[in-house]
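I sat down with this one and a cup of tea, and kept notes as I went. Here they are, in the order I looked things up.

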Amino acid sequence: MSDNRILLGFEVGTGKEVQMRLHHTVVTGMTQLSGKTTTLEAIISRSGKRAIAFKAKRGEEGFNAYNEILPFFNERADWQYVASLLEATLREKLKFERPWIMRATKGAKTLREVMENISMLKAESSGGSLPENIYTALEEYLKIVVPQIEKFQFSKTLELKDGINVMDLTEMSVELQSLVIRSTMEHVISELRDVIVIIPEAWEHLPQGRNTPVKLYAETFIRKGAAIGNFLFIDSQDIAGVDKTSLRQCNNWILGRQREAHEVERVREILGRNRFSAEEIRALPLGHFYAVLGNELKKVYVLPAGVPYKLGRRVATGEVPVGKIKDYLENPLEEPKPKGRQIPVGDPPPKAPSSLKERIGGLGDILPIDRDKARDPSQSSRRIEELEAKLSRREAEVTTLRDEVALLRRELEKNAAKVARLEAATVQSVLSAKGAGGGISVDDINLIVDARMHQILQFDRPTQFISIDVSKRLREAIKEKFVRDMAARIRVLPRETLVLAMVVREKGEVKRGELYSLVYGSAGRIPEEFYSELQMLEDAHLVAYSKATGKVAWTMDSYVDAELKGFSDDDTRTQVKEYLASVMLPTTG
Ligand SMILES: Nc1ncnc2c1ncn2[C@@H]1O[C@H](COP(=O)(O)OP(=O)(O)O)[C@@H](O)[C@H]1O
Ligand SMILES: [Mg+2]
């Protein structure tokens, strides 16, 4: 594994090895029918790295071999953190201001103390005012999470074993789950190397069109992680519900079976229009994926951890049905034998029944029960095992159905909300000018999402670009949303930090040290806060610091250009840049 390449599986048809480079990775496909978790486990087991996974839902089919660890949580109560919690609770970013949050966090060491500050501050502020609204939103949120934080036992250290380490979060509310995942991600970035973090239920924790603490940190994790061998693995049934900014940073896309029409089309779009038929995506068998690995596209059968190499290859070449491997995984005590024919197995067959578990990342020691059972497969224990297996399959089926219902409901809600917002906020004028009706349909919105996604993909892989003609009205909607989001990001920045931004804008590019002395007028050691201010500007896409040159450059203009390419003309983009620059200026009152 000298160049970081690991075996994913075998090319369907030829049976040739398919290798992948370890990087941020997304795996999608229908629950139970695609084999996402098995794929992630295979990659992790062969990467030799440590991984952290979170069990977010009861009945969720987990990994084959893992080490359970206590949920990690490092409570913070500083204003930046609290600001990002507030941001996560607001569906639309509001124009909230730093001083109010700073007041709420003053002297606080815990979120409970922040909550207490707020109830005092609320009593002072007048009814219906902006600070009161912000305090109310924050208070509502804290009322949910603070009692939960106090209820659970957390670890302040992360003791990871090789292989997969799972935190069981099933008893926690989604809000607290998100805080725990984020806290873990922060710790991994600041303290650890070569650790994979798996985001489960990505539509929930890394959603498109809404903020969560995890999502607000994902960008930082992704950016900083790759350099130090920390990667994000995203596990999601579908692509639609997941944050596109995070997805676009993944070099590896492993896409399995889909059924829902829009999702099938999305997969086809990613793979290159018309290269594969909808039927091909719908009919992908278990363990089979279309994988975009860096610049390569492969149809692959994933070799699960613990399955003999040659046996896996025979599935890819069509000689062994995948169901045999599934049986083998579920019951490793029996070797798979197709009727009437012996499969020549390349690897020696498991010498002892427990060897399968031992092969998976050396985690045999946490599975002593299997070993005992294997030694004495008495009738009754075998029967119990079978019943248990049956029960867990039923549970899984129920979960699958429930998931599908939840997914459909979410889609419906999301689309309805989008339609309402788009029509109200941006399309109104166009509609009234035209006089004629013709609202935006769900299909139109999917088109925007696809077009946007395509543009994003095209950014990484220019060869696969196909231009999509998005109607003027939709382009407007996208532009306005972008401008609103950017403006909101700028507005939340502290005054002094904006002064920094304005200096960089004026200079175009400036040495970092020089920038510091220009604004703060002193030489000598640069304080930590200055770096965090720069980081905030970078996060808002206003500037970028280059280690190579040691300079901080103004990047907002090129960011606007890149983001709005295809959605607006030059003049419009110039206007957008000027408008956003004006947002940085101090406001009166
Ligand atoms: N590549 C594969 N070959 C054989 N069986 C597989 C493969 N991937 C998954 N399975 C089996 O299919 C079932 C569902 O797999 P899982 O990885 O939990 O799916 P998902 O995470 O997509 O819901 C499990 O019983 C698993 O053992
Ligand atoms: Mg799974």
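**Entry 1: a strand and its neighbours.** I began with strand E4, which pairs with strand E6 (residues 163–168) in the parallel sense over 6 bridges. Before going on, I note that this is a predicted model, in which local features need pLDDT of at least 70, side-chain atom pairs count only at pLDDT 80 or more, and totals for chains, interfaces and linings use all residues. Residues are numbered from 1 along each chain as its sequence is written, while chains are lettered from A and ligands numbered from 1 in the order in which they are written.

My helices (H or I, at least four residues) and strands (E, at least two) are DSSP runs, numbered from the N terminus. I take two strands as paired if DSSP finds at least two bridges between them.

Within the E4 and E6 pair, I found Asn 165 of E6 as the bridge partner of Ile 52. E4 also pairs with strand E7 (residues 195–199), again in the parallel sense, over 3 bridges. There, Arg 50 stands opposite Val 195 in E7.

Is E4 enclosed or open? I counted 5 of the 6 residues of E4 (residues 50–55) as buried, so the strand is largely enclosed by the rest of the structure. Buried here asks for 20 or more other C-beta atoms within 10 Å of the residue's own, exposed for 12 or fewer, and partly exposed lies in between, with C-beta atoms placed from the backbone.

**Entry 2: the 11-stranded sheet.** I then traced the open sheet of 11 strands, whose order is E2-E1-E11-E10-E9-E3-E8-E7-E4-E6-E5, with mixed pairing. Its edge strands are E2 (17–21) and E5 (67–69), each pairing on one side only. From one strand to the next, the twist averages 30°. For angles I use axes that are lines fitted to C-alpha atoms, for helices over the stretch in contact, and the values run from 0 to 180 degrees between N-to-C directions.

At the E2 end, strand E1 (residues 5–11) and E2 run antiparallel and are joined by 5 bridges. I see Arg 5 opposite Arg 21 of E2.

Which helices did I find packed on this sheet? Helix H10 (residues 261–271) touches E9 (252–255), E10 (288–293) and E11 (296–302), and its direction makes about 140° with that of E9. Helix H12 (residues 309–316) touches E1 and E11, at about 45° to the direction of E1. Contact means C-beta atoms, placed from the backbone, within 7 Å.

**Entry 3: two positive phi values.** I stopped at Asp 194, which is not a glycine yet has a positive phi near 55°. Asp 194 sits in the loop between helix H6 (174–191) and E7. It counts as partly exposed because it has 15 C-beta neighbours inside 10 Å.

Past E7, Glu 201 also has a positive phi, of about 45°, without being a glycine. Its loop runs between E7 and helix H7 (202–205). Is Glu 201 buried or exposed? I count 20 C-beta neighbours inside 10 Å, so Glu 201 is buried.

**Entry 4: around ligand 1.** Of the 18 residues around ligand 1, Gly 35, Lys 36, Thr 37, Thr 38 and Gly 287 come nearest. I call a residue near if its C-beta atom, placed from the backbone, lies within 6 Å of the molecule.

Helices H1 (36–47) and H13 (322–330) each supply at least two residues of the shell, and H13 gives the most, with 5 residues. I sorted the shell into 6 nonpolar, 8 polar and 4 charged residues. Nonpolar covers Ala, Val, Leu, Ile, Met, Phe, Trp, Tyr, Cys and Pro, charged covers Asp, Glu, Lys and Arg, and the others, Gly among them, are polar.

Where does ligand 1 lie? Domain 1 (5–73 + 154–302) and domain 3 (309–381) both give residues to its shell, so ligand 1 lies between them. The domain bounds come from an automatic or database domain assignment.

**Entry 5: the three-stranded sheet.** Here 3 strands form an open antiparallel sheet in the order E12-E14-E13. E12 (509–511) and E13 (543–546) are the edge strands, each pairing on one side only. The twist averages 20° from one strand to the next. I counted 3 bridges between E12 and E14 (residues 551–554), with Lys 511 opposite Lys 551 in E14. Helix H20 (residues 512–520) packs on this sheet, touching E12, E13 and E14, and its direction makes about 90° with that of E12.

**Entry 6: the whole chain.** I closed with totals: the protein chain holds 23 helices and 14 strands, and 37% of its 589 residues count as buried.

How values were computed. Two residues are in contact if their C-beta atoms, placed from the backbone, lie within 7 Å.
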